[in-house]
Amino acid sequence: MDVLARLSSGLPPELRLELEGLAEKLIWLHEEGLVKINHSVMELVCAKELLSMGYSVDVEHELSGLVCDVYAELNGEGLVVEIETGFVPPDHALDPLTYCRARIASKIARYGCLAERFALGLPPHYVAIVPPAFLKEGRLRTEEEVLAVKQLCDYYYHNPPVSPEEIRAARLDWVMIIDVDALETRILSPASYVERAHELLRSMGIS
């Protein structure tokens, strides 16, 4: 796989072997029809960055009854990364912006309380709208903010519904911009990402 060879270039032998093992797992899952190639490549680029930072890494990892895209550990602390490509299914061709807002909110709510740290992995060509509630600590989120997130999620996701407890407990520590063309990952604080995203949306007249 050309991508794997490019990603592995410059890695120490032990990390190269770990990355190859993750790639083999994703290839097998793809052959079984369980993952899509665009998603898998982003997982590998993300995994390479985390391995370089000293994390141990797994992909498509089962955790508390859910399967997260990337799970990493460092010094006894877990990190969950959920990757979003911005794909909108045909059923939501008439409400893509609201659908994507709800998808981001539900991902943070469901996965943001499974480990000590949580990150969203996004491609640079997708502007994700993060609910303001997730820029605060859980204890500082108001009932109105929790209800707003729940109502947004419930409109699309109700099997099972996202609970207020999940919304209060969820955290968002990083936004990882995963550039597949360059095979690079950039880590931003959620506040920094949201500020830049809002500036772009405002310039287009989108509130």
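1. Helices (DSSP runs of H or I, at least four residues) and strands (runs of E, at least two) are numbered here from the N terminus. By that count, valine 127 sits in the loop that runs between strand 4 (117-122) and helix 5. Valine 127 is partly exposed, because its relative accessible area is 30%, between the limits of under 20% for buried and over 50% for exposed (1.4 Å probe, protein chains only).

2. The model is predicted, so to speak of local features requires pLDDT of at least 70 and side-chain atom pairs pLDDT 80 or more, while totals for chains, interfaces and linings use all residues. Residues are numbered from 1 along each chain as its sequence is written, and side-chain values use heavy atoms, without hydrogens and water.

3. The largest pocket (an open set of 1 Å grid points that fit a 1.4 Å probe, with protein on both sides within 12 Å along at least five of seven lines) has a volume, the space filled by probe spheres, of about 410 Å³. It is lined by 17 residues (an atom within 4 Å of a point), and those closest to its centre are Lys36, His39, Thr85, Phe87 and Arg103. Helix 3 (37-52) and helix 4 (96-111) are the elements that each give two or more residues to this lining.

4. By class, the lining of the largest pocket holds five nonpolar (Ala, Val, Leu, Ile, Met, Phe, Trp, Tyr, Cys, Pro), seven charged (Asp, Glu, Lys, Arg) and five polar residues (the others).

5. The second largest pocket encloses about 280 Å³, and of its 15 lining residues Arg101, Ile129, Val130, Pro131 and Pro132 are closest to the centre. Helix 5 (143-154) and helix 7 (190-203) each give two or more residues to that lining, with the largest share, four residues, coming from helix 5. By class, the lining of the second largest pocket has 10 nonpolar, two polar and three charged residues.
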